[in-house]
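Grab your viewer and a coffee. Here are a few exercises, each followed by a worked solution.

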Amino acid sequence: MDMIKLEHIVKSFGGRRILDDLSLSVREGEFLTVIGRSGCGKTTMLKMINGLHQPDSGKVFIEGQDISEIDIIGLRRRIGYVIQNKGLFPHMTVEKNITYVPVISGRKDKEENRRLARRLIETVGLEEDMLNRYPSELSGGQQQRVGIARALAADARIMLMDEPFGALDEITKQAMQEEIAALKRKLGITIVFITHDIREAMKLGDRVLVMDQGRILQLDTPQEIRSNPAHPFVKQLVGSRVE
Amino acid sequence: MEFFKEVIDLYVERKDWFAQLIAEHIALSLIAIVLAGVIGLLLGIWIAEHEKAAPPVLGIANVFYTIPSISLLGMLIPLLGIGNTTAVVALTIYGIMPMVRNTYAGIRGVSEDVITAARGMGSTDFQIMTRIKLPLALGVIIAGLRNMVVMTISVAAIASFIGAGGLGVAIYRGITIYDTALTFGGSFLIALIALISDLLLGHMEKRIKRRRGN
């Protein structure tokens, strides 16, 4: 079944067309990476999926349901959302960050939340004693792991990630890439992952979506994109890849 | 030295009277602080959420803020008469400005990324306000509160010119009968109350910052 489906999405901001009749489907358990220049519409596309932006026309379906017809708050609580490390709540401890979605959903049992936080901090490869720290006391890589743990706390079947590793150094970034690939295999979640790094896109994606000016240039497996680039821009992008 | 001894003698001699003035002064200030605090906070939250309303509200609050206190009191007399009520109203009008401004600035200063993350994770507008924006703006809001508290306590001295109580009574009487010790005695106590309040709030501000680990 299609986990996520966008149908003929059009979206303009201030007269500028950001998404131009965009249609695409993401299968359950698929890892889709999205790449394109700044301003190509990739973040806007991602924000369509959890309803942070509404399309001017077109429809978004999650698990077959038109999201304009369901409770958007409830939907967002079931979708993991990870943005660059600035997205952690600086006034909350790691534990409070991780259990944020359960708490705002009304699950306030302290013991249960504590157990959940302990389990998730371990899942993302951090020590339990990190739970009482504040985000400012963590390194960039650790913050990113907490961000992922927080997104997992919702028992999310879908995870939306907007350049999650953009601010990390190369070594930490590679470790995090391994981590997220392993998590996806283990948990079978569907991931839409935005990046501006073609190597990252090719390495992680089951399929890679190349966008430009609000349109899809190519949506295919990394092998296909490499061997049959459908557009000069794609070719250039793949060509710039350091072997 | 002679002068300070005179002031201390005055405190000892008329301690019941001064105690009463202190109590009145604190009561007067406290009522205005609570009113201005609540009104300013709510107004600040409202204009932070309704961007279009911000310039007029801040503009009006600013105009009131720049009216000299003595003339604001004078202007209120025809409307409200003389006495404590008028004083509280005037002090409240003054106090609203720093509260509105800081609440607004504090909330607007919260990082867009953090708000987007909270919204994307399924927070309602109310949850974003109470769990994210207000806690993150708290440092700036308390700085505004400190400002407002100190100002209210000192401006409250003028309230006695329109027949309200408080330590201004000692100052006013000291001026009229040319008793410098009495004027100083009242002023000193006002400064002391303001200073202690400021220290307490400063301590609170520091504790909030430390709790965040930054």
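**Exercise 1.** Find how many residues of chain A are in contact with chain B, and what elements and residue classes that side is made of.

*Solution.* Start with the count: 19 residues of chain A are in contact with 18 residues of chain B, a contact being two residues whose C-beta atoms, placed from the backbone, lie within 7 Å. Next, the elements: α2 (72-77), β6 (79-83) and α4 (100-104) of chain A each give two or more residues to the side that touches chain B. Helices here are DSSP runs (H or I, at least four residues), strands are E runs of at least two, and both are numbered from the N terminus. The largest share, four residues, comes from α2(A). Finally, sort by class: this side of chain A has ten nonpolar, five polar and four charged residues. For the classes, Ala, Val, Leu, Ile, Met, Phe, Trp, Tyr, Cys and Pro count as nonpolar, Asp, Glu, Lys and Arg as charged, and the others, Gly among them, as polar.

Some housekeeping: this is a predicted model, where local features need pLDDT of at least 70 and side-chain atom pairs count only at pLDDT 80 or more, while totals for chains, interfaces and linings use all residues. Residues are numbered from 1 along each chain as its sequence is written, and chains are lettered from A and ligands numbered from 1 in the order in which they are written.

**Exercise 2.** Split chain A into its domains and describe where they touch.

*Solution.* Cut first: domain 1 of chain A takes 1-78 + 159-243, and domain 2 takes 91-156, with bounds from an automatic or database domain assignment. Their centres, taken over C-alpha atoms, are 25 Å apart. Now count across the boundary: 13 residues of domain 1 of chain A are in contact with twelve residues of domain 2 of chain A. On the domain 1 side, helix α7 (residues 170-187) of chain A gives the most, with five residues. By class, that side of domain 1 of chain A has nine nonpolar, one polar and three charged residues.

**Exercise 3.** Work out how the overall size of chain A compares with the globule rule.

*Solution.* Chain A has ten helices and ten strands. Its radius of gyration is 18 Å, close to the 18 Å that the globule rule gives for 243 residues, so chain A is as compact as a globular protein of that length. (The radius is taken over C-alpha atoms, and the rule is 2.2 Å times the number of residues to the power 0.38.) Along its principal axes, the C-alpha trace of chain A spans about 55 × 45 × 35 Å. As for contacts between residues at least 6 apart in sequence, 68% in chain A join residues at least 24 apart.

**Exercise 4.** Is helix α7 (residues 125-155) of chain B straight or bent?

*Solution.* Compare spans: this helix of chain B has 31 residues, and a straight one would reach 45 Å at 1.5 Å a residue, the expected span being 1.5 Å times one less than the number of residues. The end C-alpha atoms of α7(B) are only 38 Å apart. Then look for a kink: α7(B) bends by about 55° at Leu138(B), the bend being the angle between axes fitted to the seven residues ending there and the seven starting there.

**Exercise 5.** Locate His8(A) and say what its phi is.

*Solution.* His8(A) sits in strand β1 (residues 2-13) of chain A. Its phi is positive, about 45°, although His8(A) is not a glycine.
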